[in-house]
Amino acid sequence: MPATRHLPTPESEDLIALTREIAAKELEPRASGAERSGTFPREVFTTLGRAGLLTLPYPEEFGGGAQPYEIYLQVLEEIGAAWASVGVGVSVHALSCFPLFGYGTDEQRARWLPDMLSGERLGAYCLSEAHAGSDPAAMRAKAVRDGDSYVLNGAKAWTTHGGKADFYTVMARTSDDGARGISCFHVPAGTPGLEFDEPEDKMGLTGSTTATVRFEDARIPAGNLIGGEGQGLSIALAGLDAGRLGIAAVATGLSQGALDTAVAYAKEREAFGKAIIDHQGLAFVLADMAAAIESARAMYLSAARLKDAGRPYGREASIAKLVATDNAMKVTTDAVQVLGGAGYTRDFPVERFMREAKVMQIFEGTNQIQRLVISRQL
C-alpha cells in the first residue's frame, strides 16, 4: 500500500496524487525492461519536468515549484518507489542546479536556470575522481585561466548522466591551495574537449548511465565560473547535505516498493494450508521491514524540516542518509527472503531492488563517511 502521508496543504496533496499517477502510467510499466536492457530514459525527465516535478524546491520565478524540502522529498520518495534510477536522476539533477541557484549571479541564473528547471536541460554533477571520492579536496582536475576563458583538463569519475546530460556542474582546481583552491564551473554539453568514457557496467541502477567525464583542453568562458575562485569545495559540500536527503528519500521509496511487493506475494502464496503472511515468523519479518521504512521516512522528514526552517541540518542529513540506505539494504534483502526462490529470479523485481539498494550505501558519501560526520559533531 502507498505510504500514508501527513501533508500540510491541499496543493501538496494534489502534488503527491499527480506524482503517483505519473509513476503508475509512465514509470512502473517501463522500469523493469529499461533496467534489464540498460536503457537510459531521457524522455522521462522531460515528462517530469513538464509536469513540474523535476525541480520542486526552486523558486517559481525561475520555473521551479517553490515547494519546501519536506514536500519535495516526499515526491522524490514516490518516484523512487516506482523507479529508483529515475529517483536518483531527479536528485542528481536538483543537486546539479544548486550551485547556480545558490551562488550564481543574477545574469547567470536568468540565462540558464529556466531551461534547467523545466526539464529541457538535464544536469550532471562532476565532483568525484578515481582517487578522490570520499576526499574531494584531493582532486586533480585543473582549470587554468587563459584570457577570458578557463581551460579544463582532467577526469571526473562516477558521473551520473555522464554523456547524457545537457550541462555539467564541474568542480576543478584553480590553484594548489588545497581545499581552498577548488572552483565551480557550468559546462554545457557539446563543449569542445568534453569527452566521455564508456558507461560503467554496474551491478544495479542500470537505467541510470554512469560514466567518467574527461576534459581535454576544454575551453570554458570565464563567465561560466559559479561563485568566486576557490569557493568550489564549500559550494560542493553545501550541496551534498541536500543531496544526501534526496538519496535518503529515494532509498525509502525503494524500501517501500520492496515491502509492497513482499506483502502482496505473502497474501497470495500459501504454505501449510494458509497464506504465508498468516505465519507469525514471516509476518514479523514484514513488520520489521515496515518499522525500518517508517524510521527512515521520519529521519529524512525531520532533517528536511530543519532545512526548511533555515537551521543547520548537516548532521541530521547524514543520519537520514545512513539510516535510510542501511535500512534499504536490509529491507530489500528481506523482501527476497519473503519471496523465497521466486525472489531470486527476475520474474519479480525484488532481486533488482536489492541490487539497487547496495549503491545507496556508497554514493553521496559512503555510510562510513556519514558515521564520521556524525561522530565529529558529538
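In this predicted model, Glu356 is in contact with Glu35, Ala84, Leu205 and Leu254 once its neighbours within four places in sequence are left aside. Glu356 belongs to helix α9, and its relative accessible area is 1%. Because the cut-off for a buried residue is under 20%, Glu356 counts as buried at that value. Glu356 has company in this respect, since Val350, Glu351, Arg352, Phe353, Ala357 and Met360 are also buried in α9. The cover over the buried residues of α9 includes α1, α4, α6, α8 (314–339) and α10. A helix has 3.6 residues a turn, so residues three or four places apart point the same way.

A second charged residue invites a similar look. Arg297 sits in helix α7, which spans residues 280–308. With a relative accessible area of 3%, Arg297 is buried. Its side chain is joined to that of Glu294 by a polar contact of 3.2 Å. Beyond its neighbours within four places in sequence, Arg297 touches Ala3, Arg5, Glu77, Thr252 and Gln256.

Gly230 offers a contrasting case. This glycine is found in the loop between β8 (225–226) and α6, and it is partly exposed, with a relative accessible area of 22%. Which residues meet Gly230, leaving aside its neighbours within four places in sequence? The contacts are Thr174, Ala179, Arg180, Ile182 and Ser183. For the pair Gly230 and Ser183, the separation is 47 residues in sequence, yet the C-alpha to C-alpha distance is 4.9 Å.

Attention now turns to the nonpolar interior. In soluble globular proteins, nonpolar side chains tend to be buried together. Here the largest nonpolar core holds 95 residues, and the members that touch the most others are Leu73, Val86, Val90 and Met171. Helix α6 provides the largest share of this core, with 17 residues. A second, separate core has 18 residues, among them Ala124, Ala143, Tyr150 and Tyr168. Returning to Val86, its contacts are Leu27, Pro41, Val44, Phe45, Leu48 and Ile79, not counting residues up to four places away in sequence.

Open space at the surface comes next. The largest pocket has a volume of about 1200 Å³. Its lining is made by 42 residues, and those nearest its centre are Ser128, Ile362, Phe363, Glu364 and Gly365. Several elements each supply at least two lining residues, namely α4, β1 (123–126), β3 (149–160), α6, α9 (350–360) and α10 (367–376). Of these, α6 gives the most to the lining, with 6 residues. Sorted by class, the lining of the largest pocket comprises 23 nonpolar, 10 polar and 9 charged residues.

The second largest pocket has a volume of about 470 Å³. It is lined by 22 residues, and Glu28, Ala81, Ala82, Gly257 and Asp260 are the closest to its centre. At least two lining residues come from each of α1 (10–37), α3, α6 and α9. Which element gives the largest share of this lining? That element is α1, with 7 residues. The lining of the second largest pocket divides into 10 nonpolar, 5 polar and 7 charged residues. Helices α6 and α9 thus appear in the linings of the largest pocket and of the second largest pocket.

Enclosed space can be examined in a similar spirit. Rolling a probe the size of a water molecule over the atoms shows where empty space is left. How many cavities of 30 Å³ or more does a search of the whole structure find? The search finds 1, and about 60 Å³ of space lies in it. The elements that give two or more residues to its lining are α3 (69–82), α4 (84–103) and α6 (232–268). The lining residues include the tyrosines Tyr58, Tyr69 and Tyr72, together with Ser91, Ala94, Leu95 and Phe98. Gly239, Ala242, Gly243 and Gly246 also line this cavity. By class, the cavity lining has 7 nonpolar and 4 polar residues, and no charged ones.

Helix α6 is a thread through several of these features. It provides the largest share of the largest nonpolar core, gives the most to the lining of the largest pocket, and is among the elements that give two or more residues to the lining of the largest cavity. Helix α6 is also part of what covers the buried residues of α9, the helix in which Glu356 lies.

How values were computed. Residues numbered from 1 in each chain as written. Predicted model: local features only at pLDDT ≥ 70, side-chain atom pairs only at ≥ 80, totals over all residues. Heavy atoms only, no water. Helix = DSSP H or I, 4+ residues; strand = E, 2+ residues; numbered from the N terminus. Buried < 20%, exposed > 50% of the residue type's maximum accessible area, 1.4 Å probe, protein only. Polar contact = N/O pair within 3.5 Å; in protein donor to acceptor, adjacent residues only side chain to side chain. Contact = heavy atoms within 4.5 Å. 1 Å grid on protein atoms, 1.4 Å probe; cavity = no way out; pocket = protein on both sides within 12 Å on 5 of 7 lines; lining within 4 Å. Points joined across faces, edges and corners; volume = space filled by probe spheres on them. Nonpolar A, V, L, I, M, F, W, Y, C, P; charged D, E, K, R; others polar. Core = buried A, V, L, I, M, F, W, Y, C linked by side-chain atoms within 4.5 Å.
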